[in-house]
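Here are my notes for you on this structure, in the order I would go through it on screen. Keep the viewer open and click along as you read.

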Amino acid sequence: MRLSIVIPEAQVVEAPALLRLVRTAPACEIEASEQGAAYVAVFEDFPNSVEVVMRLIEEAWDLRGVRILFGDRPVVSRINFYVALRCYHESLGELDSAAYCLRQSAKVGADGGCPDRSCVSHCQFICSRCVRVLRGRHAGPVPIQLMELARHAEVDWCPNLRITKVSV
């Protein structure tokens, strides 16, 4: 999966540590547009380079004009993406990533007072939102609804995300 982080050149020039990080990306390009030049860190193998991506986002956190793209789709919420990225990174230290995700979503469910029905999501970032999943004859398929929620939560890229087919 291709991930690009675009940082305006003026922002990079003032931050030497950021420039070094941009150059550690598997590919680094300079792009010119109407808004001016920008450095583009390209990760064709995302999320395999999760640590570099996290460090790059952390270093560029307070900068304006930074864009993150999955292919051509922009990340709308940098904070949501970053929190999901950290969660995925933490899961890499676990022997069983599925069990890790279940534990995290169980915490959210317990804190958020999930309804009595069983949760149709095993991801903490869409768990609290799954109460908006519509059921019944006129509702769309639950897995499609969950993927849309995952996209809004900026977690649809996560290799740990498992959305199973659920009967309505």
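The points below go from the overall layout to the salt bridges, the backbone oddities and the surface.

1. **The overall layout.** Before anything else, keep in mind that this is a predicted model. The protein has 168 residues, and 42% of them count as buried. Its secondary structure comes to seven helices and five strands. If you walk along the chain from the N terminus, the elements come in the order β-α-α-β-β-α-β-β-α-α-α-α.

2. **A salt bridge at the start of the chain.** There are nine salt bridges in the structure. One of them pairs the side chains of Glu44 and Arg2, at 3.0 Å from N to O. Glu44 sits in the loop between strand S3 (36–43) and helix H3 (50–59), while Arg2 belongs to the segment before strand S1 (3–8), so this pair ties together parts that are 42 residues apart in sequence. Arg2 is partly exposed, as its relative accessible area is 33%. If you wonder what brings such partners together, the general idea is that side chains of opposite charge can pair when their charged atoms come close.

3. **A salt bridge that spans a longer stretch of sequence.** Now find Arg73 and Asp156, which form a salt bridge with their closest N and O atoms 3.0 Å apart. Arg73 is in strand S5 (residues 73–74) and Asp156 is in the segment after helix H7 (142–152), so the pair ties together parts that are 83 residues apart in sequence. How accessible are the two partners? Arg73 is partly exposed, with a relative accessible area of 25%. Asp156 has 19% relative accessibility and therefore counts as buried, since the cut-off is under 20%.

4. **The network around that pair.** Asp156 also forms a salt bridge with Arg151, and here the closest N and O atoms are 3.9 Å apart. Arg151 counts as partly exposed, at 32% relative accessibility. Which residues does the network of salt bridges link? They are Arg73, Glu148, Arg151, Glu154 and Asp156. Try showing these five side chains together.

5. **Two backbone oddities.** As a rule, most residues other than glycine have a negative phi, and most peptide bonds are trans. Glu154 has a positive phi of about 65 degrees, although it is not a glycine. You will find Glu154 in the segment after H7, and it is buried, with a relative accessible area of 1%. The other spot is the peptide bond between Phe46 and Pro47, which is cis, with omega at about 10 degrees. Pro47 is placed in the loop between S3 and H3.

6. **Neighbours in space.** Stay in the loop between S3 and H3 for a moment, where you will also find Asn48. Is Asn48 buried or exposed? Asn48 is exposed, with a relative accessible area of 63%. Its C-alpha atom is 9.4 Å from that of Met1, though the two residues are 47 apart along the chain. Tyr39, in strand S3, is buried, with a relative accessible area of 11%. Tyr39 and Gln11 are 28 residues apart in sequence and 9.4 Å apart from C-alpha to C-alpha.

7. **The largest pocket.** Rolling a probe the size of a water molecule over the atoms shows where empty space is left. The largest pocket here has a volume of about 200 Å³. It is lined by 16 residues, and those nearest its centre are Cys101, His122, Cys123, Asn160 and Leu161. Helix H4 (78–91), helix H5 (97–112) and helix H6 (124–127) each supply at least two residues of the lining, with the largest share, four residues, coming from H4. What is the lining made of, by class? It has eleven nonpolar, four polar and one charged residues.

8. **A nonpolar patch outside.** Finally, have a look at Trp61, Ile79 and Val83, which form a nonpolar patch on the surface. Together they have about 250 Å² of accessible area. Ile79 is found in helix H4, the helix that also gives four residues to the lining of the largest pocket. Ile79 is partly exposed, with a relative accessible area of 44%.

Definitions and conventions:
Residues numbered from 1 in each chain as written. Predicted model: local features only at pLDDT ≥ 70, side-chain atom pairs only at ≥ 80, totals over all residues. Heavy atoms only, no water. 1 Å grid on protein atoms, 1.4 Å probe; cavity = no way out; pocket = protein on both sides within 12 Å on 5 of 7 lines; lining within 4 Å. Points joined across faces, edges and corners; volume = space filled by probe spheres on them. Nonpolar A, V, L, I, M, F, W, Y, C, P; charged D, E, K, R; others polar. Patch = residues over 30% accessible without salt bridge, like charges linked within 9 Å, V, L, I, M, F, W, Y side chains within 5 Å. Areas by Shrake-Rupley, 256 points an atom, 1.4 Å probe, with all protein chains shown as cover. Salt bridge = Lys/Arg side-chain N within 4 Å of Asp/Glu carboxyl O. Buried < 20%, exposed > 50% of the residue type's maximum accessible area, 1.4 Å probe, protein only.
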